[in-house]
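Biologist: Got a minute to go through this one with me? I'd like to start with the empty space inside.

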Amino acid sequence: MKKRTLHLVQTFFLVLSSLGFSQETVDAYYEVIKREGEHPLQFVQQQLDTHDLILFDDALHNAVEPFEFYKDLLHAEENQIAYVFLEVFGINHQPQIDAYLESADKDDGLLLKVFQDDFSGYGWKYETYYELLSTIWDINRSSDKKIKVRAVDQPIYWEGIHTRKQYDIFLKSLVGRDYFMYKTILDMMASFKEGRKGIFLTNTRHAYKHIRNKEGALYWNTGTFFNQWHPDKTYSVRIHNATLSIERKKEADKNATSDGLGSYKYEWIQMQNGIWDHAFAENNNQPIAFSLKDNVFGRAAYVGNHMLNVEADQTMYDAYDALIFLNPLDQLHFSAKIDFIYTDAFKTELERRLRILQEGQMAEFLAKKEVGSLAEYIAQISVAQPRTKNDLIQLD
């Protein structure tokens, strides 16, 4: 063995040892990949043969790689997907989405309200979502089969919100959000009676299928409603990324946000201290997908949004049916950000919203953002930004 190769092997074993697991442990995970793994496109297409709805947890709404995969999936010659369901857009903006997809030219102006009226109030800036709609516009022009995009989230009417108290009442209405999305998708899928095929593009807690709290009661996430009441029709897939690990509750910020994370101390971690990532590296970091049923990946302890109050022995298979690996963590990206939604009218509206959202703590907000005025802050955020490296996990 050459000296350099020997040195690399020795270094690899030292790294494994320092992380608290052995090569034999990594090999057990690698064997699952080799034995059960398939190319992600083929894997999903096979699941659509036996299930009508695939739920995708993109891990992070601003992740780039899942959306590149979705576009490849929709472009595939074998594509069976007739419906793309989007969590982040309210049902009140369905007419604008339809108008865009039916327009003779790609008219970005038709999408202004779609991207301006998100729950946060700042506007939904991720270019990945815009590119997905643009891709579906292209596909629908080049194929006899038309893909329908359906917004399935609860609506927010910013025109009717004038105080922080009114916004907080809206946030409380989200207690029924998962059932709302479940019922909306179910109706659009004709209760699975017509063989329609669809994908639901969502985020972590909405894709869980069977997580229980310490009292044994289910957390009724959107995926849970489907899994409990239509178990053979749906399939939940996690796309590998940094994993949210909740440490403890903390004193929440005075002005809550729609994602609720301000109430928790949390961090982003590698699954099982990096064992998963070492196993993917053993497979030369090739894109791969496999079921989590009856294997060491699926038996890994559950990590995620509900972990502060979870039944003992809950696993990742309780959360998801399958896992997709697209790229190693140090090769993942955050989405570029669009600027066309920041019209003069929206900048005026955004200032109004920010005064509502930051009611009672505007000085602290501006200081934290290191700006002297709302106008300066809005000028900063209303410009296009390129994609950046995902730096949630710092790998040495």
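Biologist: So how many cavities of 30 Å³ or more turn up in the whole structure?
Modeller: Two, going by a search of the whole structure. Keep in mind that this is a predicted model.

Biologist: How much space lies in the largest cavity?
Modeller: About 40 Å³.

Biologist: And which residues line the largest cavity?
Modeller: The lining is made by L55, A207, K209, G223, N227, T234, Y235, S236 and D321. Strand β5 gives the largest share of that lining, with three residues. Both α11 and β5 supply at least two residues each.

Biologist: Let's stay with α11 for a moment. Where does F225 sit, and is it buried or exposed?
Modeller: F225 is in helix α11, which covers residues 222-229. Its relative accessibility is 8%, so F225 counts as buried, the cut-off being under 20%.

Biologist: What does F225 touch, neighbours within four places in sequence aside?
Modeller: F225 is in contact with D178, Y179, Y182, W220 and H230.

Biologist: How far is F225 from K209?
Modeller: The two are 16 residues apart in sequence, and their C-alpha atoms are 7.7 Å apart in space. K209 is also one of the residues lining the largest cavity.

Biologist: OK, over to the strands. Why call β1 largely enclosed by the rest of the structure?
Modeller: Because five of the five residues of β1, residues 53-57, are buried. L53, L55 and D57 point one way from the strand, while I54 and F56 point the other way.

Biologist: Which strands is β1 joined to?
Modeller: Five bridges join β1 to β4 (residues 198-202), and those strands run parallel. Another set of five bridges joins β1 to β5 (residues 234-239), also in parallel. Take F56 as an example: its bridge partner in β4 is L201, and in β5 the partner is V237.

Biologist: Does F56 come up anywhere else, and which residues have the most contacts inside the largest nonpolar core?
Modeller: F56 is on that list, along with V84, F89, F115, L132 and I324. The core has 56 residues. Helix α7 (residues 127-142) gives the most to this core, with seven residues. Apart from it lies another core, of 26 residues, including W276, I288, A300 and Y302.

Biologist: What is V84 in contact with, sequence neighbours within four places left out?
Modeller: L74, L132, I136, I147, K148, V149, R150, I199 and L201. So L201 shows up here as a contact of V84 and, in β4, as the bridge partner of F56.

Biologist: W276 was in that other core. How many of the residues of α12 are buried?
Modeller: Six of the eight in α12 (residues 275-282), so mostly covered. The buried ones are I275, W276, D277, H278, A279 and F280. Just after the helix, N284 takes a positive phi of about 60°.

Biologist: Last one: where is Q314, and why does it count as buried?
Modeller: Q314 is in the loop between β8 (288-291) and α13 (316-319). It counts as buried because its relative accessibility is 9%.

Biologist: What does the side chain of Q314 reach?
Modeller: The backbone nitrogen of R212, at 2.7 Å. Not counting residues up to four places away in sequence, Q314 touches H210, I211, R212, A300, A301 and Y302. Among these, A300 and Y302 belong to the core of 26 residues.

Conventions
Residues numbered from 1 in each chain as written. Predicted model: local features only at pLDDT ≥ 70, side-chain atom pairs only at ≥ 80, totals over all residues. Heavy atoms only, no water. Core = buried A, V, L, I, M, F, W, Y, C linked by side-chain atoms within 4.5 Å. Buried < 20%, exposed > 50% of the residue type's maximum accessible area, 1.4 Å probe, protein only. Helix = DSSP H or I, 4+ residues; strand = E, 2+ residues; numbered from the N terminus. Contact = heavy atoms within 4.5 Å. Polar contact = N/O pair within 3.5 Å; in protein donor to acceptor, adjacent residues only side chain to side chain. Pairing = 2+ DSSP bridges. 1 Å grid on protein atoms, 1.4 Å probe; cavity = no way out; pocket = protein on both sides within 12 Å on 5 of 7 lines; lining within 4 Å. Points joined across faces, edges and corners; volume = space filled by probe spheres on them.
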